[in-house]
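Me: I am new to this structure and would like a close look at a single part of it, with enough of the surroundings to place that part. Please take your time over the answer.

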Amino acid sequence: MDLSITLGRLKLGNPILVASGTFGYAREMEGLVDFAKLGGIVPKTVTQAPRAGNPPPRTVETAAGMLNAIGLDNDGLDHFLKHYLPYLRTLPTAVIGNIAGKTEAEFLAMAEKVGRSTGLAALELNLSCPNVSGGVDFAIDPAVTKRVVAGVRAVCSLPILAKLTPNVTDIVPIAQAAADGGADAVSLVNTFVGMAIDWKRRKPILGNVTGGLSGPAIKPLALRAVWRVARNVKIPIIGIGGISNIDDVMEFLIAGASAVQVGTANFFNPTLSGTLADQLPAALLQLGATRVADIVGTLAG
Amino acid sequence: MSNLDLSSGKSATLQRTAQVVEHVRMARDTYRIRLEQPDLARVIRPGQFVMLRLPGRLDPLLGRPFALYDTFLDAQGEPAGIDVVYLVVGKMTGILKDVAVSQSLVVWGPLGHPFPDPAGDQDVALVAGGIGQTPFLAHIRELLGTRGYGGQPVRRRTRRVRLYYGVRDAELAAGVKDFESAGAEVHLASNDGSIGHRGFVTELLESHPAPQHLFGCGPEPMLHALAKVAERMRVPCHVSLETPMACGVGICFSCVTRVKTDDGWDYRRVCVDGPIFESRKLCWE
Ligand SMILES: Cc1cc2nc3c(=O)[nH]c(=O)nc-3n(C[C@H](O)[C@H](O)[C@H](O)COP(=O)(O)OP(=O)(O)OC[C@H]3O[C@@H](n4cnc5c(N)ncnc54)[C@H](O)[C@@H]3O)c2cc1C
Ligand SMILES: Cc1cc2nc3c(=O)[nH]c(=O)nc-3n(C[C@H](O)[C@H](O)[C@H](O)COP(=O)(O)O)c2cc1C
Ligand code: FES
């Protein structure tokens, strides 16, 4: 059984990754997950300057999902490189950095710096965080998406993954723009903007009013996004959205994803990601496949 | 933002399916659930908590944090599992109360830091508001050296332990006998005077001679009042926060509270940096 996969210039041991912002800086998960089993780890998004993040409450549970407005709480790029990367680079799996810039220039400056440090297998661009007040959602505009991706490629030699927002009328042209800009793969999707209300107090529940919806509730929406991009754009896809068991993994692969990231499920089933890697070979065998690539994008009809 | 303190020698977190072996009502809307889980029972310490999740359901989706009430022992005296005491307040606890003996829950832990050693203070007062009493039974036993936890040597850490326990009314007072038989001097207060002192538990505390060390757990307004009492009494005070959590293990950054730093304040994750904090380090609203 060959579980390895290829995403442009990035080769991974298997297609089970964990999503940014849902796995901390990995160290928190020591003891719960055998990192060697994972295809890769994407630590929490890093910004240029430290950010305190949004006031609590930052998350609220909803039916089969949750809303979050963490607000990119992080200690900044220099702190990441100095305090988290040394540990991350010792892990027996691929570590994919994830950055968010406030401006195009900031994206490029960060990518250049990250590209000069060793220990990362690739760089994921968070073009889509909905919670940064005053920030720009880059991936709602194809031209901007293409410029940022191309700019990053010019200054950073790591494989580039463009993480896109589903909060657009049509995600296909944005994914095409990322491909045109030279992205090695697109990560689909980030959270869907939503809100929760306490009607008795006539108040929003989240401190930030709105937040990003994630978890099992969004899986059908994410599957459709993956399927549409797979049919229309020539670029490898990492499927993300509500993955909670091995059936979900297989559905994303069939829809056209070459790999997946487990997000919210890490919160309510912290050992899941390792278990999925264990379960994948048997699931592939059920379809008579011996390689992951055999089933990617093989939806019938 | 955060500073990972993972050099504290805490034991690794376990995730297990655990069978319910006992489930009893203790007071109005208050239950004790006993989970068989020796691996967890051997390593968990007073002040630490676990996440509990109802298996096979997507609503409620997330686990919920619950303090260790106490471990229970097998016939050989070895830790066999844990007791959790909970108050029915919402979605998950509303379903939990109907879980039957022999059904299972998913549990992960031990989480957070245990109560710190009172470092030689011989007169310790624990102050509980409502369901905030739950971390204190095991704490009393650890302080008085009547039970060991997490493989720590069993030794008496303090001479005297008082528990100040405030409830809204008498029907909500849970586990008073447990605390007394563990060796604490129990002082009760209730809002309506139906049991113990009528009024706030912090008032009752302040009407007594100051202890050498305070520990508190309960609703935030009560903890804030306690922090002020500790200041007036000039005694160290540790509080355990009940901040809502989504993961309990430090990966979601939901559970933050403002903690004073050299240059102002910073958000810290209650699940990994707490749940116990020195009260003077918190930014009370
Ligand atoms: C470290 C720690 C230890 C804890 N230990 C214990 C313990 O030992 N025992 C114990 O009983 N509890 C404990 N708690 C608290 C416990 O975790 C919560 O009571 C539990 O999560 C409630 O879950 P639920 O699904 O029943 O309530 P939820 O449905 O999640 O509701 C939680 C609270 O929010 C309110 N609420 C619900 N929905 C809304 C809404 N839409 N708008 C506004 N408010 C709403 C509810 O009234 C309730 O008060 C602890 C918490 C922490 C952080
Ligand atoms: C609490 C929380 C924090 C997140 N933080 C980030 C982040 O920092 N960067 C990022 O690219 N995505 C972030 N995400 C989005 C996830 O990586 C993922 O794209 C999304 O949650 C959908 O997948 P899921 O349904 O499996 O969670 C976050 C999601 C959650 C729930
Ligand atoms: S509850 Fe997730 S970080 Fe604390």
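Reply: Chain B is the part to look at closely, beginning with its overall form: for its 285 residues a compact globule would have a radius of gyration near 19 Å, and the value for chain B is 18 Å, which agrees. The model is a predicted one, and its scores are ipTM 0.95 and pTM 0.96. Taken along the principal axes, the C-alpha atoms of chain B fill a box of roughly 50 × 45 × 40 Å, and the chain contains seven helices and 16 strands. Buried residues account for 51% of the 285 residues in chain B, and among the contacts between residues at least 6 apart in sequence, 64% join residues at least 24 apart.

As for confidence, the average pLDDT of chain B is 95, and 96% of the residues score at least 70. Residues 1-9 of chain B need more care in reading, since the pLDDT there is below 50, although in the model this stretch has 13 contacts beyond near neighbours in sequence.

Within chain B, the domain assignment gives domain 1, covering 14-111, and domain 2, covering 123-281. The C-alpha centres of domain 1 of chain B and domain 2 of chain B are 20 Å apart, and where the domains meet, 24 residues of domain 1 of chain B are in contact with 24 residues of domain 2 of chain B. On the side of domain 1 of chain B that touches domain 2 of chain B, at least two residues each are supplied by β1 (14-27), α1 (38-43), β3 (49-53), β4 (64-67), β5 (70-73), β6 (79-87) and β7 (104-111) of chain B. By class, the residues on that side of domain 1 of chain B are 16 nonpolar, four polar and four charged.

Chain B also meets chain A, and a few words on that partner help to place the contact. Chain A has eight helices and 17 strands, and its C-alpha trace spans about 55 × 50 × 40 Å along its principal axes. With 301 residues, chain A would as a compact globule have a radius of gyration near 19 Å, and its 18 Å agrees with this. Of these 301 residues of chain A, 58% count as buried, while 71% of the contacts in chain A with a separation of 6 or more are between residues 24 or more positions apart.

The contact between the two chains takes 27 residues from chain B and 32 residues from chain A. On the side of chain A that touches chain B, β6 (59-62), β7 (65-68) and α7 (265-268) of chain A each supply at least two residues, and α7(A) gives the most, with three residues. That side of chain A consists of 15 nonpolar, ten polar and seven charged residues.

The two chains come together once more at ligand 2, where residues from chains A and B surround the ligand, so the site is shared between chains. There are 27 residues around ligand 2, and those that come nearest are Ala19(A), Gly21(A), Thr45(A), Ser214(A) and Gly263(A). The shell around ligand 2 divides by class into nine nonpolar, 16 polar and two charged residues.

Methods: Residues are numbered from 1 along each chain as its sequence is written. Chains are lettered from A and ligands numbered from 1 in the order in which they are written. This is a predicted model: local features need pLDDT of at least 70, side-chain atom pairs count only at pLDDT 80 or more; totals for chains, interfaces and linings use all residues. Domain bounds come from an automatic or database domain assignment. Two residues are in contact if their C-beta atoms, placed from the backbone, lie within 7 Å. Helices (H or I, at least four residues) and strands (E, at least two) are DSSP runs, numbered from the N terminus. Ala, Val, Leu, Ile, Met, Phe, Trp, Tyr, Cys and Pro count as nonpolar, Asp, Glu, Lys and Arg as charged, and the others, Gly among them, as polar. The radius of gyration is taken over C-alpha atoms; the globule rule is 2.2 Å times the number of residues to the power 0.38. A residue is buried if 20 or more other C-beta atoms lie within 10 Å of its own, exposed if 12 or fewer, and partly exposed in between; C-beta atoms are placed from the backbone. pLDDT is the predictor's confidence in each residue, from 0 to 100. A residue is near a molecule or strand if its C-beta atom, placed from the backbone, lies within 6 Å of it.
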